[in-house]
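User: Could you take a close look at one part of this model for me? I'd like to know how it sits among its surroundings.

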Amino acid sequence: MEAEKIIDSLNAKFPDTISDSQIESEKRISAYAEAGSIVEICRYLKDELQFDHLSSETAVDLILKDEIEVVYHLSSFGQPLVLKLKARLPRNNPEIESITSVYWDANWYEREAYELFGVQYRNHPNLRNLVLPDELLGDWPLRKDYEDFPQKTAKNLV
Amino acid sequence: MAEELTSQSYEQPAPKEQAQEESIPGVITTTSREINEFLKKTKIQDILNWGRKNSLWFMSQPMGCCGVELIVAGVAPMDTDRFGIIPRNSPRQADVMIISGYVTRKYFPALKRLWDQMPSPKWVFCVGDCSISGGPFYESYSTVQNIDEIFPIDVFVPGCPPRPEAIIQGFVEIQKKIETKKDRGSGYEG
Amino acid sequence: MDTNIGPDEMLIHMGPHHIAQPGPFRLNVKLKGETVQDSDVEMGFIHKGIEKILESKTYLQGIPVVDRACYLAALTNEEAFVGCVEKLAGIEPTERSQYIRVIVEELSRIQSHLLGYGEYTEFIGFMTMFFYPMTVREKILDLLEMTTGARITHSYLRFGGVRDDLPEGFEAKCKEAFALLRRGLEEWGELMKSDTIYRERTVGVGVLTPDTAKEMGVTGPPLRATGVDFDIRKDEPYLVYDDLDFKVCTETAGDVYARIWVRVAEIYESMYIIEQALDQMPSGPLFPENLPYDRRAPVMRVPEGEVFHRVEDPRGEMGMYMVSDGSDKPYRVKIRGPVFPTMQAMPPLIKDSQLADVVAIVGSLDPCVSEADR
């Protein structure tokens with residue numbers, strides 16, 4: 001399916017919740033989604049528009065705008081297109097619905113975004129730390145205002 | 001139990017009063033620690049060390065990039081077997097632990113436990129910049145720095161990652177240290 | 001996983017130090033008799049915060065760091081990182097350097113698959129078989145070393161080109177190594193395919209169907225072993241893969257046996273690609289003339305923007321998402337490694353299999369833990 005058709009279809013289906021949709025390059029589309037309706041949008045993309053592969057899911061800390069953006073890269077095993085879907089969340093209380101009911105493999109991506117950025121996923125089956133030890137949970141190390149980086153304990157530096 | 005087996009434990013003097021209390025007339029009682037201390041001063045220790053230095057079995061425990069070179073050092077064509085250096089999978093059968101990468105806060109308790117599970121005499125050496133000085137990850141939030149303050153490290157093999165030949169050179173250095181009784185693993189240092 | 005165990009059940013922790021694991025991770029397995037009831041992967045034992053470190057490094061300093069994200073596929077990691085920066089800065093590498101990149105990346109794929117092949121045979125108990133691929137792997141590493149100067153972590157790619165040209169005598173050495181490798185692969189293939197014990201341990205074990213593999217987001221050889229011909233080199237060609245003739249290697253069974261033969265077929269295919277690239281390679285400069293910055297300049301300001309660049313890793317789809325805010329350091333880099341979803345797929349894959357097969361299944365996925373942990 002072509003990029004224009006996908007954008008038209010998305011805009012027609014979700015006129016209120018999809019914004020700023022644009023074609024970035026030949027194989028890249030991007031759009032902003034309302035955080036409240038992310039699950040419906042993902043389900044529509046997966047069932048109707050063949051975006052059956054979640055390439056990645058992550059978060060970006062935009063400290064100057066006081067926002068955390070959750071970024072989904074949806075692609076497909078059949079067509080060489082990547083759709084970048086973003087949702088803006090407030091920085092003091094980033095909370096969004098989990099998309100594990102649509103994409104099974106979103107589970108670990110969301111756990112990672114949770115422990116590194118503090119994004120709270122509602123209805124996630126098992127929201128706990130994945131790569132961090134227990135004592136670091138709650139520091140949100142990949143946020144821009146994390147204080148313990150760089151670590152200064154190394155003594156043997158040349 | 002775990003604390004008793006750390007490197008410091010066999011450097012402490014043996015409790016001698018206890019041995020005197022249990023003494024029987026005409027019978028000399030001793031402890032294995034005393035025998036050990038006595039043997040260190042004799043020629044028998046040289047023979048023991050000769051045996052030890054020629055059978056340094058190391059625990060194959062790849063932790064990072066250097067772990068791959070560690071595997072390569074263990075198999076053909078580098079083949080450390082010809083020096084009696086054989087990769088072992090279980091810490092219970094190993095003499096040498098190789099810290100072959102970044103020690104993270106999450107992995108550190110497991111590493112300490114592996115070290116405790118190894119029977120002494122045991123040696124440990126650092127392979128690669130990450131375990132020596134932090135390497136490219138010295139400022140990371142999740143790594144433990146200054147490994148040399150935690151483990152009694154005999155040899156440091158620098159490189160990022162060091163070549164398999166350098167790892168073999170590390171073993172040769174440790175053999176030299178054992179031969180001259182300057183290694184930290186056998187507990188000669190007071 | 002529910003850790004409450006019944007009267008005839010047992011909980012076993014495999015790892016973080018376990019011989020059948022290529023890096024430290026923990027597999028908590030709940031057993032009933034010999035059968036796996038449930039399992040749970042615990043990871044992060046070598047999580048070093050690469051994404052945070054990249055935010056504090058300039059673009060040029062970032063190259064050695066991404067090298068170490070996955071030590072078996074350093075060059076493809078670099079390609080993803082360098083490709084991101086090139087797309088952001090609008091640099092087009094010269095044709096010659098694109099061909100050189102293809103050559104070194106395919107060499108990197110060969111050595112990774114050889115290690116995967118060898119390690120896997122060791123995991124299921126063929127210790128002797130481990131030595132054969134490792135011996136030939138040294139020849140491939142020699143080729144990489146004479147080109148890049150390092151065996152594992154190369155730091156070879158640059159924005160707009162490569163650091164050095166191919167050395168003299170590369171082609172002849174390549175031919176020599178490939179002849180050895182082709183003969184070896186044939187020999188080992190016969191050895192493995194005719195072995196009854198090997199077939200018993202691998203055929204029909206750990207079967208993935210195409211639909212479940214897609215659902216789980218598995219890419220690379222485990223996906224291609226189920227018959228799905230998904231390969232970024234074909235679907236979203238980067239570098240000069242468009243001009244090269246190669247096929248996507250697939251099998252249909254989706255079991256452990258098929259995954260290994262997909263890797264072996266890919267080694268053949270990579271050799272074919274390299275031979276073509278060596279033939280077709282044009283002469284010319286390594287760097288384009290109108291580079292917007294000095295190519296040795298440590299500081300380069302990349303225009304504001306964001307990009308997601310995907311390449312085909314030896315283990316599957318490797319993508320990097322880079323956000324630039326116009327300064328000399330990336331604002332955010334997300335590394336989407338192929339091993340992350342593959343490791344996530346382990347628990348459903350080993351469910352209802354025998355404990356002895358767990359090692360075979362986990363080994364056949366060829367997980368590079370360092371890349372999943374990052």
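Analyst: First, a bit of vocabulary: helices (H or I, at least four residues) and strands (E, at least two) are DSSP runs, numbered from the N terminus. This is a predicted model, where local features need pLDDT of at least 70, side-chain atom pairs count only at pLDDT 80 or more, and totals for chains, interfaces and linings use all residues. Residues are numbered from 1 along each chain as its sequence is written, with chains lettered from A and ligands numbered from 1 in the order in which they are written.

Let's go for helix 4 of chain B, residues 65-74. Around there, an unreviewed UniProt entry annotates residues 66-173 of chain B as "domain: NADH:ubiquinone oxidoreductase-like 20kDa subunit"; such annotations use the numbering here, have shortened feature names, and may be inferred rather than shown by experiment. Over residues 66-173, chain B is 31% helix and 15% strand, with the end C-alpha atoms 18 Å apart.

Now the helix itself. Since 10 of its 10 residues are buried, helix 4 of chain B is largely enclosed by the rest of the structure. Buried means 20 or more other C-beta atoms within 10 Å of a residue's own, C-beta atoms being placed from the backbone (exposed is 12 or fewer, partly exposed in between). Among the buried ones are B:Cys65, B:Cys66, B:Glu69 and B:Gly74.

What does the covering? In chain B, it includes strand 2 (87-88), strand 3 (96-99), strand 4 (123-127) and helix 7 (164-179). Chain C joins in with helix 5 (127-148). Contact here means backbone-placed C-beta atoms within 7 Å.

Definitions and conventions. Two residues are in contact if their C-beta atoms, placed from the backbone, lie within 7 Å.
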